[in-house]
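Work through the exercises below with the structure open. Try each task before reading its solution.

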Amino acid sequence: MSPSRRNFSVLRIPCTKPGCNRWFKNKSGYTQHTNAVHPVLSAAPLHAPELPQPNRSPSPIFNGDFDGAGEEDLSGIPRSAQSPAPAEFFGAGDRLYRNYHPSLTGRPCDPEGNFLPPGALPLPLSEKSADDWTPYRDRLEFELADYIFTKNQTPAAQIDHLLDLWAASLLRAGADSSQVLFTDHHDVYRTIDNTPLGDVKWRSFSVKYTGDIPDEGPTPWMTESYDVWFRDPHQVVQNMLANPDYAQEVDLRPYREFATETNERQWQDFMSGDWAWNQADQIAKDPATHGSTFVPVILGSDKTTVSVATGQNDYYPLYASIGNVRNNVRRAHRGALAVVGFLAMPKTTKQHAKTAIFRRFHRQLFHSSLSFILQNLKPGMTKPEVVRFGDGHYRRVIYGLGPYIADYEEQVLLACIVRSWCAKCTSNSRALDDDNILRKRFHTDTLIEEFDHGTLWDEYGIIAQLVPFTNDYPRADIHELIAPDLLHQIIKGAFKDHLVAWVEKYLVATHGQAQADIILDDIDRRIAAAPAFSGLRRFPQGRNFKQWTGDDSKALMKVYLPALEGYVPTDIIRTFRALLEFCYLVRRNIITETTLEEIDDAVARFHQYREIFKDSDVVSTFSLPRQHSIKHYNTLIRLFGAPNGLCSSITESKHIKAVKEPWRRSSRYKALGQMLVTNQHLDKLTASRQDFYARGMLNGTCLTSVLATLNARASGEHDDTGQHEPPVSSPPGEDENEDIDIIDDPTSVLAHVELAKTPRTKRARSIPELSIELRIPDLADLVRCFLFEQSNPEDARDPTEVPLLEFPHYRGRISVFNSASSTFHAPSDLSGIGGMKREHIRACPLWRNECARNDCVFVITDSNARGMLGMDVARVMAFFSLRQHGRPIPCAVVRWFNRVGNAPDPDTGMWMVKPAFSAHNTPHFAIIHIDTIFRAAHLLPVFGTVPLSPSIKFHHVLDIFKLFYVNKFADHHAFEIAS
């Protein structure tokens with residue numbers, strides 16, 4: 001190194017404030033300097049001149065431009081360059097208020113970009129008439145095309161066969177040939193192709209290696225061309241902004257949200273984070289951008305395998321979304337997540353695959369391809385353009401590169417770092433959990449200028465030959481933009497690949513392989529014995545299977561902790577508890593400052609208790625990048641809002657519709673081209689459906705619309721549409737579970753329970769018959785007590801003090817039901833766009849022709865108390881309804897459980913309950929109104945130290961065991977109410 005250069009072995013930490021050239025030996029000096037020279041003040045900061053940065057472009061192939069905008073430190077509280085915006089109340093009841101960014105305000109304008117006066121009405125979304133189905137002739141033709149292509153995914157030959165049968169039936173009924181909807185599958189595809197909406201054409205470019213050729217000649221990969229297919233992300237983003245389907249679920253301005261009563265800040269959707277606000281600050285330095293809408297473009301990529309059989313099975317899709325849509329919309333897809341490219345995956349022989357030159361080409365090809373694909377967005381990142389939104393208004397927009405959704409392997413590629421290093425901070429790979437500064441683009445570029453490549457690799461984990469694609473775009477720092485990844489970092493990584501594997505190693509080290517195998521078999525039996533619960537994936541053979549999916553790991557998290565008790569030390573139980581609580585806390589839909597404190601506490605406990613694995617020689621180090629990532633979640637939540645809106649599970653679930661299903665529909669020969677056409681057809685059908693829906697043309701069903709038309713023609717006034725209103729259904733493409741429905745309606749109620757629509761005719765029809773069926777001799781007395789309470793709600797006496805003669809008799813008929821449904825607001829779980837979820841609670845004598853199923857429920861017993869202190873747990877023995885004074889009363893026969901203690905178990909963090917008994921040591925049964933039921937509860941046995949008999953199955957445990965955990969890890973809603 002030149003003697004004139006700064007000694008970086010002494011001065012390792014730079015000040016990242018724009019205009020400051022100071023470097024420091026340690027973090028303490030950096031902190032003192034920041035507090036003294038760059039204090040966080042409420043006044044607007046002075047803008048020092050920006051430092052020039054090295055012009056490192058990732059795109060030598062495509063000659064990408066580079067904007068050397070200075071980077072701003074986000075470790076402190078972000079500050080606006082303008083005066084603070086006044087507070088505005090938000091939501092119902094004025095319980096929240098928001099401070100919106102004062103400069104980028106999302107003002108409506110006309111198509112030429114001239115701002116409109118406040119209150120100006122938008123132009124109509126469409127000038128088409130309400131009966132214009134172009135390119136389809138009518139609703140029936142559109143619905144048929146949508147059904148056979150989107151919903152049923154009918155192969156071409158079967159489409160032809162179906163249309164032949166339909167045409168034959170029409171002709172036999174006296175219709176002429178002109179009334180046939182489509183002639184064949186070519187006619188169907190041609191009609192879909194003629195749809196002008198959603199038409200973003202697929203294009204491609206080819207890339208070849210242009211570097212030095214070895215003396216011995218080129219290897220095969222050096223002479224091949226690699227095709228990259230893409231759609232213009234600029235047009236895709238414009239289509240997203242113009243989508244009326246979620247026009248009311250779009251945030252036009254960065255904001256900060258607070259509780260009115262406590263002034264506690266909370267983070268939810270992406271635009272509530274500090275990153276969007278700080279980007280707006282930087283953009284607002286140009287007065288020409290004021291009044292615009294900032295549109296962050298969120299990207300994500302992940303290789304996926306469509307088949308493990310034969311041929312080319314791997315694809316590399318690139319996805320795009322926008323940060324303005326709220327997390328619930330992005331998680332539900334709803335057109336707010338689109339595939340915009342299929343990246344190239346160069347392959348070569350094993351001999352050359354691990355060579356440095358091939359790996360460098362492979363990695364730089366990724367960045368150069370991204371830079372080229374995104375280039376049409378670049379002009380709009382500095383100069384506003386006018387775009388129409390889904391609410392009908394035009395607005396000026398400024399684009400920006402937003403977070404990138406990726407697993408750890410992809411993060412290594414994105415950040416141009418060495419594997420086993422952290423993409424977010426400069427901690428050494430051998431001591432990842434040591435506190436250190438966050439990586440910054442300016443810091444990285446400066447180090448590259450000062451050090452040789454070997455030092456950068458060994459001491460900083462930087463691959464100097466690679467240049468991230470973000471270097472071609474303004475205000476973009478790849479280290480800052482890498483999003484949190486709950487699925488791969490925490491669920492698959494820290495939980496399944498680390499802790500679950502370490503438990504097995506611990507058991508082997510402690511008991512030997514033979515005894516460890518016996519214990520692991522019993523743990524598997526315990527996992528398999530978990531009672532059925534709505535949405536719970538069961539493990540009939542335990543966790544002993546080879547290919548794990550993300551859903552498998554999530555399901556195991558829900559039932560694993562009690563299965564370990566009795567076989568591992570308390571510290572291991574507490575390690576799992578800390579990590580599970582961390583996962584469930586960061587997965588919340590809304591995260592407050594209090595939640596952040598709870599997250600930090602869970603991280604501290606996890607780090608404290610995991611030491612048992614090192615002390616027992618199970619592991620030698622905790623420097624594991626995926627496990628280390630939990631340290632960054634506090635910062636990432638402040639930057640990007642709740643992580644559930646940026647998790648890689650969003651892109652992985654999109655693989656099904658964008659990659660796997662189109663591949664299955666292909667002929668497998670040169671499948672990618674066919675997959676692109678399928679995706680284009682799907683986009684056009686989705687755009688048509690959104691357009692028709694916005695014009696009110698899809699009310700009711702296709703049948704009701706045809707009946708209405710025929711009746712109107714016949715009478716001119718009779719309308720029969722009210723007789724055929726369709727039930728609410730989940731949007732196509734969602735994963736279905738027989739016990740869970742996704743309710744795609746606005747938020748309506750916090751909880752509501754109703755009986756199934758149809759009673760069971762082969763079950764009891766009177767109270768005596770039900771008493772015999774349930775083997776509850778005093779059921780008639782329980783019904784009399786229940787009816788007395790219903791008729792005398794103001795009577796303060798305990799039912800045991802009321803003379804039996806005062807209780808009314810009931811000799812009428814009853815209707816018995818096998819299930820009830822609970823609808824409640826659970827936005828942190830898989831739910832509809834309004835956060836509503838419906839689960840089915842079973843109480844049936846024969847479930848799946850195998851066994852009885854009687855689910856447990858939370859019953860509200862004290863509406864003034866919070867959580868478990870206001871609820872009791874009961875097991876539903878039967879649902880039934882009876883009539884009193886001419887009105888139906890929906891009821892449930894339940895068996896009560898008693899809470900054990902007044903706090904959760906200190907090791908597992910879960911409440912414990914036991915079956916309740918009456919004075920004569922008989923099970924405590926009762927009749928309750930179903931309105932007192934909140935939702936289903938999941939109980940897991942306290943197994944103790946005795947091995948579980950192989951003869952005990954999941955449907956036995958609620959009858960056999962005497963002590964249970966209330967499983968707060970059953971789902972995220974249960975975690976919130978049962979913690």
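**Exercise 1.** Find where proline 135 sits, and state the form of the peptide bond that leads into it.

Solution. This is a predicted model. Begin with the place: proline 135 lies in the loop between strand 5 (108–109) and helix 2 (139–151). Next, take the bond from threonine 134 to proline 135: its omega is near 5°. That peptide bond is cis.

**Exercise 2.** Check whether the length of helix 24 agrees or disagrees with 1.5 Å a residue. Then give the phi of glycine 696.

Solution. Helix 24 covers residues 671–694, which is 24 residues. The expected span is 1.5 Å times one less than the number of residues. For helix 24 this gives 34 Å. The end C-alpha atoms are 35 Å apart, so the two values agree. Now step past the end: glycine 696, just after helix 24, has a positive phi of about 70°.

**Exercise 3.** Do the span check for helix 10, then list its buried residues.

Solution. Helix 10 runs over residues 356–373, 18 residues in total. At 1.5 Å a residue, helix 10 should span 26 Å. Its end C-alpha atoms are 26 Å apart, which agrees. For burial, the cut-off is under 20% relative accessible area. The buried residues of helix 10 are Phe358, Phe361, Gln364, Leu365, Phe366, His367, Ser368, Ser369, Leu370, Ser371, Phe372 and Ile373.

**Exercise 4.** Aspartate 617 and asparagine 849 each have a positive phi. Place each one in its loop, and decide whether each is buried or exposed.

Solution. Take aspartate 617 first. Its phi is about 65°, although aspartate 617 is not a glycine. Aspartate 617 belongs to the loop between helix 20 (611–615) and helix 21 (625–628). Its relative accessibility is 69%, so aspartate 617 counts as exposed.

Now asparagine 849. Its phi is near 55°, again in a residue other than glycine. Asparagine 849 is in the loop between strand 22 (836–847) and strand 23 (851–854). With a relative accessible area of 72%, asparagine 849 is exposed.

**Exercise 5.** Describe the surroundings of alanine 529: its loop, its burial and its contacts.

Solution. Alanine 529 lies in the loop between helix 16 (513–528) and helix 17 (550–564). Its relative accessible area is 1%, so alanine 529 is buried. Leaving out residues up to four places away in sequence, alanine 529 touches Leu948, Phe954 and Val957. Compare valine 559: it is 30 residues from alanine 529 in sequence, and the C-alpha atoms are 9.6 Å apart.

**Exercise 6.** Describe the second largest pocket by its volume and its lining.

Solution. Start with the space: the second largest pocket holds about 820 Å³. Its lining has 29 residues, and the closest to its centre are Cys785, Phe786, Glu789, Pro799 and Ala926. Then ask which elements give two or more residues to the lining. They are helix 27 (779–791), strand 24 (856–860) and strand 28 (925–929). Helix 27 gives the largest share, seven residues. By class, the lining has 16 nonpolar, seven polar and six charged residues.

**Exercise 7.** Sum up the whole protein: how many helices and strands, and what share is buried?

Solution. The protein has 29 helices and 31 strands. Of its 979 residues, 55% count as buried. The accessible surface is about 43700 Å², and 51% of this belongs to carbon and sulfur atoms.

Key:
Residues numbered from 1 in each chain as written. Predicted model: local features only at pLDDT ≥ 70, side-chain atom pairs only at ≥ 80, totals over all residues. Heavy atoms only, no water. Helix = DSSP H or I, 4+ residues; strand = E, 2+ residues; numbered from the N terminus. Buried < 20%, exposed > 50% of the residue type's maximum accessible area, 1.4 Å probe, protein only. Areas by Shrake-Rupley, 256 points an atom, 1.4 Å probe, with all protein chains shown as cover. 1 Å grid on protein atoms, 1.4 Å probe; cavity = no way out; pocket = protein on both sides within 12 Å on 5 of 7 lines; lining within 4 Å. Points joined across faces, edges and corners; volume = space filled by probe spheres on them. Nonpolar A, V, L, I, M, F, W, Y, C, P; charged D, E, K, R; others polar. Contact = heavy atoms within 4.5 Å.
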